[in-house]
Amino acid sequence: MEDIHELQAAACQSQSVPPPARASPCFVGFSFVVAAAACLLLKLLKWRNSTTKEKNDQHHDSRNAHPPPGRGSGWWWRAMETLSFVAANGSGRGFYSFVDARHRRHGPPCFRAPLFGATHVFVSSPAAARSLLAAAEHHSGFSKRYVRTVAELLGEHSLLCAADHAAHRALRRAVAPLFNARATATFAAAFDGLTRRIMRDWAAAAAGGSGAAVVVVLDAALGITFEAICDMLVATLPREDKRRLQEDVLGVTRAMLAFPLRLPGTRFHAGLRARERIMEVLRREIAARRRDDGSLGRRGDGGDGDMDFLQSLLLRSQQQQQSESDHPLLSDEQILDNILTLIIAGQVTTATAITWMVKYIADNREFQETLRSVQLELAPKQHQDSPLTLQDLNSMDLAYKTVKESLRMASIVSWFPRVALEDCQVAGFQISKGWIVNIDARSMHYDPTIYDNPTVFDPSRFNGEDAKQPYSYLVFGAGGRTCLGMNLAKIMMLIFLHRLVTTFRWEMADEDTSLEKWAMFPRLKNGCPIHLTPI
Ligand code: HEM
């Protein structure tokens, strides 16, 4: 634009210089007027050009103060964008295809889209992620904001959704100590037992058939992750209550991205009913424990260190009440919402991650063989039946990198939403108070300027990983809201991987890669069926 203006100005200048000529006074007078007018015109044009250029320069300099790009305006655009998002969600491409298409259209690092009446910004730069996650940590500028359906289904006291910084800090302080070393070791042993049991069943099925069996990984992973997490939280639930709880947890998860319609027959309504039933079961359990004076919630040797999470929370809340300390007490409602939150935050995420990991390795047969020989060397076949310890898991370097790479590629939590509490700038763009800024982790995990050949499954990319840019690997978030269960999740993935690779060879039994509709986390519609052959 600036170039065109300069050319126009030069053309005007040459035309406005009159050729030398002998002329009458009248003509001189007329010429003078014309020349004066031409000069004036020239000056005006110059002034116009210079101010346009100035404006353009300013525009260039303060491009940073503009809102992020987003095509369109008005109610029509808002309606169409929301419909497109819903359509992507209800398709086999998954909801991320909506975000991906706009990233391509607008380029890095961010774009803006109106969704369900709010302005959403999706930002995919490590520097912006750092400033947002650090801001949330220092309690300024941003706060967490989940969509209304998620917040309502998990409950107003849920740690995952808590928007108020002080309330979040108090909840996290109450829940975090439960993830101590002893609880982690107990959890690992229990998950290992469940995994060995399921793999024994698979081996028996293979032996009973033609030497191979087909299993659906997602179903199996949902089953064992639920059982392990449920035992860690509420160890003593009767079998029938546990079975119903598992169904209801799935019902709540399915409703999380539904339209918030409370009409009977809708998914959201069914999710709310499932939540009510879960609360009822847990309330009954709390009442039983109070009647029983706590012995119900103790496992193993029955010592205090071996309590399940529910029992620990009840006991600590009671102690605080008795000591009348200033520390905030966790009410029963807070405990209930957070038991449900921990099941939901932990079960479906981890089961989905395990499923993707199994698929990536099925698609990379050579890598599968390499990993198998490394893992068999670490734990020879004759020791297959002895439980894995945390020390064993710590020695599994290649398997650990496989878990990390699977988590990067799967990017289970694709983005983390934060709400702007005031007008501010993110990545140099103007953000208005009330806008939702989503840190788009998936986009960073697939950014070729951060990860070479990002679509290729390559665990060795984590050799010497310290060189990676900070805030470019965000599978568990970062800052004050980092995933509380990340070690448990990694442990579950490692155990499952080790047991599977040292017991079976596997390949995909169905190559369909379409995604499940309406799923909160991207996952295969077919649940990842695999052919297993015992080794
Ligand atoms: C592969 C499995 C998992 C993935 C990918 C995952 C991912 C995440 C991410 C990205 C966040 C942060 C979200 C944000 O900043 O907005 C988060 C938070 C959280 N996760 Fe996980 N998670 C997994 C497993 C678990 C497990 C096993 C548990 C517990 C049993 C758990 C409990 C939580 C909790 C309580 C929070 C909220 C922390 C807070 O706000 O202070 N997660 N998770």
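1. A word on terms to begin with: helices (H or I, at least four residues) and strands (E, at least two) are DSSP runs, numbered from the N terminus. With that in hand, Trp-518 can be placed in the loop between β9 (504-508) and β10 (529-534). Please keep in mind that this is a predicted model, where local features need pLDDT of at least 70, side-chain atom pairs count only at pLDDT 80 or more, and totals for chains, interfaces and linings use all residues. Residues are numbered from 1 along each chain as its sequence is written.

2. Now the overall picture. The chain has 18 helices and ten strands. Of its 535 residues, 36% are buried, meaning that 20 or more other C-beta atoms lie within 10 Å of the residue's own; 12 or fewer makes a residue exposed, anything in between partly exposed, and C-beta atoms are placed from the backbone. Two residues are in contact if their C-beta atoms, placed from the backbone, lie within 7 Å. Among contacts with a separation of 6 or more, 71% join residues 24 or more positions apart.

3. Helix α13 (residues 332-362) is a good place to start looking, and Ile-344 sits in it. Is Ile-344 buried or exposed? Ile-344 counts as buried because it has 23 C-beta neighbours inside 10 Å. Leaving out residues up to four places away in sequence, Ile-344 touches Leu-154, Val-249, Val-252 and Thr-253. Leu-250 is 94 residues away along the chain, yet its C-alpha atom is separated from that of Ile-344 by 8.5 Å.

4. Next, follow α13 to its meeting with helix α16 (residues 397-410): the two axes come within 9 Å and cross at roughly 105°. Axes here are lines fitted to C-alpha atoms, for helices over the stretch in contact, and angles run from 0 to 180 degrees between N-to-C directions. The crossing therefore makes α13 roughly perpendicular to α16, a label for angles of 65 to 115 degrees. On the α13 side the contact is made by Ala-353, Trp-356, Met-357 and Tyr-360, while α16 brings residues including Thr-402, Val-403 and Leu-407. Eight residues of this contact are nonpolar, two are polar and none is charged. In this scheme Ala, Val, Leu, Ile, Met, Phe, Trp, Tyr, Cys and Pro count as nonpolar, Asp, Glu, Lys and Arg as charged, and the others, Gly among them, as polar.

5. Which element gives the largest share of the shell around the ligand? That is α13, with seven residues. The ligand has 24 residues around it, and Gly-346, Phe-416, Gly-477, Cys-483 and Gly-485 come nearest; a residue is near if its C-beta atom, placed from the backbone, lies within 6 Å of the molecule. The shell divides into 15 nonpolar, six polar and three charged residues.

6. Cys-483 deserves a look of its own. Cys-483 lies in the loop between α17 (441-445) and α18, and is partly exposed because it has 17 C-beta neighbours inside 10 Å. Beyond its neighbours within four places in sequence, Cys-483 is in contact with Phe-476 and Gly-477. An unreviewed UniProt entry places the feature "binding site" at Cys-483.

7. Finally, some backbone details. Most residues other than glycine have a negative phi, and most peptide bonds are trans. Phe-116 has a positive phi of about 50°, and Trp-518 one of about 60°. The peptide bond from Pro-108 to Pro-109 is cis, with omega near 0°.

Key: Parallel < 35°, antiparallel > 145°, perpendicular 65-115°, else oblique. UniProt positions renumbered as here; feature names shortened; annotations may be inferred.
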